[in-house]
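Hi,

Here is the structure I promised to pass on. Have a look at it first, and then read my notes below.

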Amino acid sequence: MKMKIIKQHLKLFTRFEISLWLFSIVTLVLAFLVSGTNYFNLATSLIGVTALIYLAKGEPIGQVLSALFSIVYAIASYSFNYYGEMITYLAMTLPSSLFATYIWFRHPHKKGATQVQIVPLNLRKILFIMLVSPLVTLAFYFVLKSLVTPNLIFSTISIATSIVASLLTFFRSRYYALAYALNDIILIVLWSLAASVNISYLPLVICFVIFLINDLYAFYNWKRLADKQNTHTILKEYNYE
């Protein structure tokens, strides 16, 4: 039974995607062995990179794993007083992942499928993002400042990119991945600063380098998925399927 489930999941992915996931896992484990970090930070990274490979395929299970990642990542952030990251992932990324799970399951690209229907951005959505993102970021800035958060500017920028990414995820736009890629770059800087103080945080630096690669792939792959979905819709409309 377990083997059948594993085979069904493997069929979702191309050889390249499986290779990318394995490369990511091996790289993270090697970083763990080199730094001698704790198992918790390693587990955080492994959950996150597994979530990303599902998200790159538009599969709702990726959002479920993202919710789990949000919890463990918030704990890791708290351990280094990165309150911005902790608050962002518990108060925003966690609930947004759960809400996105609901949205993605409600909007499959075809009946009986699990892959989400990808839709283009329109002016109304763009204006909504431009209005909401600065307001929420500003509110978070003052909260983080009151908590004497280390590297306040980078933490605030991380919040801004996370908000945009979350909203784009709700809207089922491929640009969610590009926003998360920008967020990955900020987090690479944040955790590099942390690793310079405590080497045990090195796997989180490597983690977000790997995340960056995966998010860039997701941005590319969602374009392919959208093209296939549009082709399917056209064929269905003209009764070619």
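Let me start just past the end of a helix: H7 is followed by Arg172, whose phi is positive, near 60 degrees. Please keep in mind that this is a predicted model.

H7 itself looks regular in length. Its 19 residues should span 27 Å at 1.5 Å a residue, and the C-alpha atoms at its ends are indeed 27 Å apart, so the two values agree. Thr161 sits in this helix. With a relative accessibility of 14%, Thr161 counts as buried, because the cut-off for that is under 20%. If we skip residues up to four places away in sequence, Thr161 touches Ala179, Leu182 and Asn183.

H7 also turns up on the surface. A nonpolar patch there is formed by Ile153, Phe154, Ile157, Val189 and Leu193, which together have about 380 Å² of accessible area. Both H7 and H8 supply at least two residues of the patch, and the largest share, 3 residues, comes from H7. Val189 is a patch member that lies in helix H8. Its relative accessible area is 31%, so Val189 is partly exposed.

Now for the inside. Which residues touch the most other members of the largest nonpolar core? They are Tyr176, Trp191 and Phe208, in a core of 65 residues. Helices H2 (15-35), H3 (39-55), H4 (61-79), H5 (83-106), H6 (123-146), H7 (152-170), H8 (175-197) and H9 (202-237) each supply at least two residues of this core. H9 gives the largest share of the core, with 13 residues. As general background, nonpolar side chains tend to be buried together in soluble globular proteins.

Trp191 is a good place to zoom in. Leaving out neighbours within four places in sequence, Trp191 is in contact with Tyr73, Ala76, Ser77, Phe80, Tyr82, Tyr201, Leu204, Val205 and Phe208. One of those partners, Ser77, is found in helix H4. Ser77 has 0% relative accessibility and therefore counts as buried. With the same neighbours set aside, the contacts of Ser77 are Tyr82, Glu85, Met86 and Trp191. For a sense of distance, Ser77 and Phe16 are 61 residues apart in sequence, and their C-alpha atoms are 32 Å apart in space.

Last, the charges. How many salt bridges does the structure hold? There are 2.

- Lys57 pairs with Glu17, and their closest N and O atoms are 3.2 Å apart. This pair links distant parts of the chain, 40 residues apart: Lys57 is in the loop between H3 and H4, while Glu17 is in helix H2. Lys57 counts as buried at 10% relative accessibility, and Glu17 is buried too, with a relative accessible area of 0%.
- Lys223 and Asp227 meet through their side chains, at 3.0 Å from N to O. They are 4 residues apart in helix H9, so about one helical turn separates them. An α-helix has 3.6 residues a turn, so residues three or four places apart point the same way. Lys223 is partly exposed, with a relative accessible area of 37%, and Asp227 counts as partly exposed at 38%.

To put the pairs side by side: Lys57 and Glu17 are buried, whereas Lys223 and Asp227 are partly exposed.

Cheers

Definitions and conventions. Residues numbered from 1 in each chain as written. Predicted model: local features only at pLDDT ≥ 70, side-chain atom pairs only at ≥ 80, totals over all residues. Heavy atoms only, no water. Core = buried A, V, L, I, M, F, W, Y, C linked by side-chain atoms within 4.5 Å. Buried < 20%, exposed > 50% of the residue type's maximum accessible area, 1.4 Å probe, protein only. Contact = heavy atoms within 4.5 Å. Patch = residues over 30% accessible without salt bridge, like charges linked within 9 Å, V, L, I, M, F, W, Y side chains within 5 Å. Areas by Shrake-Rupley, 256 points an atom, 1.4 Å probe, with all protein chains shown as cover. Salt bridge = Lys/Arg side-chain N within 4 Å of Asp/Glu carboxyl O. Expected span 1.5 Å × (residues − 1).
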